[in-house]
Amino acid sequence: MGEPIEIDLEIETTSSKSSVVGEKETATPPAAATQTTATVQPTAATTQTTTAVPQPTTSATLYPSLAGIPKNKQVAEALDQMLAMGFKNDDGWLTNLLNLQDGNIAKVLDLIQSAAQRK
């Protein structure tokens, strides 16, 4: 096991008792702080250490999201053209549309227009 460990403890009582005697109330002041020394013998249970077990990672945290990344050169060029037209690509929505339509700007514009008309 190990060597005994000496621990100094200081215990302070904060409660007080009061009682009513006739018309007078008497109170007992809190006990003064007491100091105690204790010797503790370490045991196998108190000397064990625990090791954190790593949690498995999911593919979502292991690999970055591919959303918003052009899948080929044609999609990348179409994205550049649409950005030059003034479209925004916040969160990769435009890239995703261009990926789905293989970089066909006309098809993407038709999808955007039909979505806008449904609103």
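This report walks through a predicted model of one chain, with an eye on helix 4 and the loops around it.

**The chain as a whole**

Let's start with the overall layout. The secondary structure adds up to 5 helices and 4 strands, and reading from the N terminus the order is β-β-β-β-α-α-α-α-α. Of the 119 residues in the chain, 12% are buried. The chain exposes about 10000 Å², and 55% of that comes from carbon and sulfur atoms. As for how the chain folds back on itself, take contacts between residues at least 6 apart in sequence: 52% of them join residues at least 24 apart.

**Helix 4 and its buried side**

Helix 4 covers residues 93-100, and Thr-95 is part of it. The buried residues in this helix are Leu-94, Thr-95, Leu-97, Leu-98 and Asn-99. What do they pack against? The partners are helix 3 and helix 5.

Thr-95 counts as buried because its relative accessible area is 0%, under the 20% cut-off. Setting aside neighbours within four places in sequence, Thr-95 is in contact with Gly-68, Ile-69, Pro-70, Val-75, Leu-79 and Asn-89.

Asn-99 sits in helix 4 as well. With a relative accessible area of 14%, Asn-99 is also buried. Leaving out residues up to four places away in sequence, Asn-99 touches Ile-69, Pro-70, Lys-71 and Val-75.

**Pro-70, across from the helix**

Pro-70 shows up in the contact lists of Thr-95 and Asn-99. Its place is in the loop between helix 2 and helix 3. Is Pro-70 buried, exposed or partly exposed? Pro-70 is partly exposed, because its relative accessibility is 29%. Beyond four places in sequence, Pro-70 touches Val-75, Ala-76, Leu-79, Thr-95 and Asn-99.

**After helix 4: Asp-102 and Gly-103**

Helix 4 is followed by Asp-102, which has a positive phi, near 50°. How many salt bridges are there? The count comes to 1. The side chains of Asp-102 and Lys-71 form a salt bridge, with 2.8 Å from N to O. This pair ties together distant parts of the chain, 31 residues apart: Asp-102 is in the loop between helix 4 and helix 5 (105-118), while Lys-71 is in the loop between helix 2 (59-62) and helix 3 (73-84). As a general point, side chains of opposite charge can pair when their charged atoms come close. Asp-102 is partly exposed, at 43% relative accessibility, and Lys-71 is partly exposed too, at 49%.

Gly-103 is found in the loop between helix 4 and helix 5. Gly-103 is buried, because its relative accessible area is just 10%. Not counting residues up to four places away in sequence, Gly-103 touches Gln-74, Val-75, Ala-78 and Leu-98.

**Two C-alpha pairs side by side**

Here are two pairs that involve residues discussed above.

| Pair | Separation along the chain | C-alpha distance |
|---|---|---|
| Pro-70 and Thr-95 | 25 residues | 6.0 Å |
| Gly-103 and Gln-74 | 29 residues | 5.7 Å |

**Pulling it together**

Val-75 is worth a look in the viewer: Val-75 is among the contacts of Thr-95, Asn-99, Pro-70 and Gly-103. Lys-71 is another one to pick out, since Lys-71 touches Asn-99 and shares the salt bridge with Asp-102.

Technical notes
Residues are numbered from 1 along each chain as its sequence is written. This is a predicted model: local features need pLDDT of at least 70, side-chain atom pairs count only at pLDDT 80 or more; totals for chains, interfaces and linings use all residues. Side-chain values use heavy atoms; hydrogens and water are left out. Helices (H or I, at least four residues) and strands (E, at least two) are DSSP runs, numbered from the N terminus. Buried means under 20% relative accessible area, exposed over 50%, partly exposed in between (1.4 Å probe, protein chains only). Contact means heavy atoms within 4.5 Å. A salt bridge is a side-chain nitrogen of Lys or Arg within 4 Å of a carboxyl oxygen of Asp or Glu. Accessible areas come from the Shrake-Rupley method with a 1.4 Å probe; for residues, only the protein chains shown count as cover.
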